[in-house]
Amino acid sequence: MNHNSASIDTEQNPLVRLTHVRRTYTAGEMDIEVLRDVNLTVAQGESIAIRGVSGSGKSTLLNIMGGIDCATSGQVEVCGWTLNGLSSKEFTRFRREKVGFIFQFYNLLPTLSALENVMVGPESAGFPQSKARARAEEYLEAVGLADKAWKFPEQLSGGEQQRIAIARALAKEPPLILADEPTGSLDEDTAAMVLQLLDRLKLEHRLTFIVVTHNPALSDHTDRSLFLHNGSLSELTPNRIAH
Ligand SMILES: Nc1ncnc2c1ncn2[C@@H]1O[C@H](COP(=O)(O)OP(=O)(O)O)[C@@H](O)[C@H]1O
Ligand SMILES: [Mg+2]
């Protein structure tokens, strides 16, 4: 058996382990329990779709895994870090080094070119500029936009902007990619293109990928689908049988 880093045992060494995660918000006198008891283990190289209706807590959950938000209680372990009780400085370091985020509304910087936007990913992870530039060129090519390197976001279509945002997340080569409704702003055909792109990149780069969505089509593209309902996750049937 091949014991490279890509064949780490899920039980021995999961990339993500959430144990009894709870998240409440206080609104006036009331406590709103958004996540009640979330348990999740994700192995390296696995792709997971988390579905659920709007307001079910999908973004909250993703943000907790990405060190943007904190659990009220429970254990959050991601990429070898225990995220409970980190300082804000440590949270920043964790996010920069470990996580590539893809958001619904791309979050590109309007004053930077496509290439410069992609460079933000590896630069934030601490790569020197020459390396960040090489990575950015490589991943712009991978998303099929090498010829748009010097365009600004407003000169690009929604699908192209999302592909730039994907390149930015991947160019860090982070252990974990988190995507929040990555096709939510795209028309059906463009969304399908972006999903095919993610499929290909996942295979080529062996990404660990967690995507939250209310789009059932998206979960056909992942190894596992989970459903967030009433503050906890349940497993849907596996989408694919491993070869
Ligand atoms: N900062 C906050 N303060 C209070 N309530 C919040 C906050 N963020 C999210 N919520 C509430 O938590 C619930 C889940 O939100 P969210 O995680 O954005 O759901 P989803 O991404 O599934 O649509 C919603 O009812 C939302 O109003
Ligand atoms: Mg959301």
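User: In this predicted model, where does E154 lie, and is it buried or exposed?

Analyst: In this predicted model, E154 is found in the loop that runs between α4 (129-142) and α5 (158-171). Its relative accessibility is 75%, and because a residue must be over 50% to be placed in that class, E154 counts as exposed.

User: What distance separates the C-alpha atoms of E154 and N63?

Analyst: Along the chain, E154 and N63 are 91 residues apart. In space, the separation of their C-alpha atoms is 27 Å.

User: On which strands of the sheet does α5, the helix that follows the loop of E154, pack?

Analyst: The sheet concerned is an open one of 6 strands, in the order β6-β7-β8-β3-β9-β10, with mixed pairing. The twist from one strand to the next averages 20°. Helix α5 packs on this sheet with its direction at about 175° to that of β6, and the strands touched are β6 and β7.

User: Which strands stand at the edges of that sheet, and why is one side of each left without a neighbour?

Analyst: The order of this open sheet is β6-β7-β8-β3-β9-β10. Each edge strand has a single partner strand, so one side of each is left without a neighbour in the sheet; the two strands in question are β6 and β10 (232-235).

User: Which residues stand opposite I177 and I210 where β7 meets the strands β6 and β8?

Analyst: Strand β6 (residues 99-102) runs parallel to β7 and is joined to it by 4 bridges, while another 4 bridges join β7 to β8 (residues 209-213), again in parallel. Opposite I177 in β7 stands G100, and opposite I210 in β8 stands L178.

User: Why is β7 described as largely enclosed, and which of its residues point the other way from L176, L178 and D180?

Analyst: Strand β7 spans residues 176-180, and 5 of the 5 residues are buried, so the strand is largely enclosed by the rest of the structure. Residues on both faces of β7 are buried: L176, L178 and D180 point one way, and those pointing the other way are I177 and A179.

User: What is the bridge partner of R51 in β9?

Analyst: Strand β3 (residues 47-51) pairs with β9 (residues 224-229) in the parallel sense, over 4 bridges. Within β9, the bridge partner of R51 is F227.

User: How are the rings of F101 and F103 arranged, and which class of accessibility does each residue fall into?

Analyst: A search of the whole structure finds 2 aromatic pairs. One of them joins F101 and F103, whose ring centres are 5.4 Å apart with 10° between the planes, so the pair is classed as stacked, given that planes under 30 degrees apart count as such. F101, at 13% relative accessibility, counts as buried, whereas F103, with a relative accessible area of 24%, is partly exposed.

User: Which strands form the edges of the sheet of 4 strands?

Analyst: This open sheet has the order β2-β1-β4-β5, and its pairing is antiparallel. The edge strands pair on one side only, and they are β2 (30-42) and β5 (81-82).

User: Which residue stands opposite T82 in β5?

Analyst: Strand β4 (residues 73-78) is paired with β5 in the antiparallel sense, over 2 bridges. The residue opposite T82 is E77.

User: Which strands does α1 lie across, and at about what angle does it run to β1?

Analyst: Helix α1 covers residues 58-65 and lies across β1 (16-27), β2 and β4. Its direction relative to β1 is about 125°.

User: Which residues of α1 are buried?

Analyst: In α1, 6 of the 8 residues are buried, so the helix is largely enclosed by the rest of the structure. Just after α1, G67 takes a positive phi of about 70°. The buried residues of the helix are K58, T60, L61, L62, I64 and M65.

User: How compact is the protein for its length, and what is its radius of gyration?

Analyst: The protein contains 6 helices and 10 strands. The globule rule gives 18 Å for 243 residues, and the protein comes close to this, so it is as compact as a globular protein of that length; its radius of gyration is 18 Å.

Key:
Residues numbered from 1 in each chain as written. Chains lettered and ligands numbered in written order. Predicted model: local features only at pLDDT ≥ 70, side-chain atom pairs only at ≥ 80, totals over all residues. Heavy atoms only, no water. Pairing = 2+ DSSP bridges. Contact = heavy atoms within 4.5 Å. Axes fitted to C-alpha atoms, helices over the stretch in contact; angles between N-to-C directions. Rg over C-alpha atoms; globule rule 2.2 N^0.38 Å. Buried < 20%, exposed > 50% of the residue type's maximum accessible area, 1.4 Å probe, protein only. Phe/Tyr/Trp six-rings, centres within 6.5 Å; stacked < 30°, edge-to-face > 60°.
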